Amino acid sequence: MTLSPASARSATSMLIVLASAFALSQAFRTVGAMMATPLAQHFGLSAQALGLWAGTFHFMFGATQLAMGVSIDIYGVRRTVLTAFPLAIVGAVLCAAAPSFHALLLGQAMIGVGCAPAFLACTVFIARHFEAARFTAMSGLVMSMAGLGILFTGTPLALLIEAASWRAGYACLAGFAVLSWGFVFWRVHEPPRAVPHERQTLAKAVRELLPLFAMPHTLGLLCFACVSYAAFITLRGLWLGPVLHDRHGLSLVSSGNVALAMTIAGMISPAIFGRLDPGGRRRGRWLMGCAFAAAVIFAFMAFTHSLAVDIGLPILYGLLSGYSVLQYSYTRAAYPAAMTGRALSLLNMAMFLGVSLMQWTTGVAASWATSNGVEPFRAVFLTIAGMLAVGTLAFLLLPRTHEKAGLACAQP
């Protein structure tokens, strides 16, 4: 597919608008780094409850990926985003006014569902409107742009919380979400697509996933997907603020400055990895090498109590974190073209359900550690390192693929 210059500019501008919704999704999933401490103080929450609060967004996000994929197939990117995203707006308003922890959880669930199509919409839009050779680079660009949402949940959110409250943070995000929805409504207009002979349904989509599980390399890929992105979001979106505040006594704004630096590094990283994508078998080796390095970083943070380490390593990890963009290229190349959409949907489900699992598990680990006289952040970081190691080991030992011409060929 070769686009004319005018068509390319139009597609790029629409992708940027769609990326604004993805940026809001990124902001909502990382508010925990700055909100965890004030929320715990306001509602009297344990570490386990904080893990549940953070994980609720990702559970709902991941659980509805398949339904959102079906909706995009039937109704298109524009209608799906415009229909779902108001739930995120309502959920943010509910969180801002939440009288209890249960209301906060309900708001988080609504935000998760509302944001569920945000990244998938960008991925599908890129696949439909850009050349296959540009898929990795454009995906990396979108992920870097979406980092603006994470940028907000660093120093700016910390300043807002200190000046007002955590409720003001949710209210501000609700306002930004309204603006994003308006831009999508105004600017995104896809050309009409041919109506499939057999209309997609959710039940049919579930059945269509079954052949993916019959392919020997799917299990290892899913195990890896469950932990790779989850580690970054669990640190940046939940524990970074508490570890700097509780372990080292940093103020909320100082913690926000560290989160800001980590976010800037994380914004640069996907575009770099998108450009440096080695392709072929080397892509899988890069994925495993980067994930192993991340596990070492978390293990080191678990056994040190140095402020310099707890500031420097998260920023270094931000620079490393963009390797997760290679999973999309790996997945696209690992399955026949007719299965690409289903494979990407399954990958998204695994990634975000993995975030939910890791955030909840680290919350349980922190609560157990507190009850047993162990420093809670040591338990948190060892849990993340262990989950990364297990997922990477599964990817190494289970069958992988030779990535040639977009076809899957199992490798023992």
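Let's start with helix α7, which runs over residues 135-152. In this predicted model, α7 has 18 residues and spans 27 Å from its first C-alpha to its last. That is close to the 26 Å expected at 1.5 Å a residue. So is this helix mostly covered or mostly open? Mostly covered: 13 of the 18 residues in α7 are buried.

Let me pick one residue from that helix. Ser-139 lies in α7, and Ser-139 counts as buried because its relative accessible area is 3%, under the 20% cut-off. What does Ser-139 touch, if we leave out residues up to four places away in sequence? The answer is Ile-126 and Val-325. You can also look across to Thr-123, which is 16 residues from Ser-139 in sequence, with the two C-alpha atoms 6.9 Å apart in space.

Now, on to the core. The largest nonpolar core in the model has 145 residues. Those with the most contacts inside this core are Trp-53, Leu-104, Tyr-170, Tyr-317 and Phe-381. Which helix gives the most to this core? That is α11, residues 218-248, with 16 residues. As a bit of background, nonpolar side chains in soluble globular proteins tend to be buried together.

Tyr-317 is a nice one to click on. Setting aside its neighbours within four places in sequence, Tyr-317 is in contact with Ser-228, Ala-231, Phe-232 and Leu-235, and also with Met-262, Ala-294, Ile-297 and Phe-298.

Let's turn to charges. How many salt bridges are there? The count comes to three. One of them joins Arg-247 and Asp-310, whose closest N and O atoms are 2.8 Å apart. This pair ties together distant parts of the chain, since Arg-247 sits in helix α11 and Asp-310 in helix α14, 63 residues apart.

Arg-247 also forms a salt bridge with Glu-375, and here the closest N and O atoms are 2.9 Å apart. Again the pair links distant parts of the chain: Arg-247 is in α11, while Glu-375 is in the loop between α16 (340-371) and α17 (376-397), 128 residues away. Put together, Arg-247, Asp-310 and Glu-375 are linked in a network of salt bridges.

Are the members of that network buried or exposed? Arg-247 is buried, with a relative accessible area of 13%. Asp-310 is buried too, at 0%. Glu-375, at 22%, counts as partly exposed, because buried means under 20%.

There is also a salt bridge between the side chains of Asp-277 and Arg-283, at 2.7 Å from N to O. In that pair, Arg-283 is buried, with a relative accessible area of 9%.

Last stop, the surface. Here we find a nonpolar patch of about 510 Å², made by Ile-264, Ile-268, Ile-272, Leu-276, Leu-316 and Leu-319. Which elements give two or more residues to this patch? They are α12, residues 252-276, and α14, residues 307-320. The largest share, four residues, comes from α12. If you want one residue to look at, try Ile-272, which lies in α12. Ile-272 has 38% relative accessibility, so it counts as partly exposed.

And α14 is worth a second look on your screens: this helix gives residues to the nonpolar patch, and it also holds Asp-310, the partner of Arg-247. Thanks, everyone!

Technical notes
Residues numbered from 1 in each chain as written. Predicted model: local features only at pLDDT ≥ 70, side-chain atom pairs only at ≥ 80, totals over all residues. Heavy atoms only, no water. Expected span 1.5 Å × (residues − 1). Buried < 20%, exposed > 50% of the residue type's maximum accessible area, 1.4 Å probe, protein only. Patch = residues over 30% accessible without salt bridge, like charges linked within 9 Å, V, L, I, M, F, W, Y side chains within 5 Å. Areas by Shrake-Rupley, 256 points an atom, 1.4 Å probe, with all protein chains shown as cover. Salt bridge = Lys/Arg side-chain N within 4 Å of Asp/Glu carboxyl O. Core = buried A, V, L, I, M, F, W, Y, C linked by side-chain atoms within 4.5 Å. Contact = heavy atoms within 4.5 Å.
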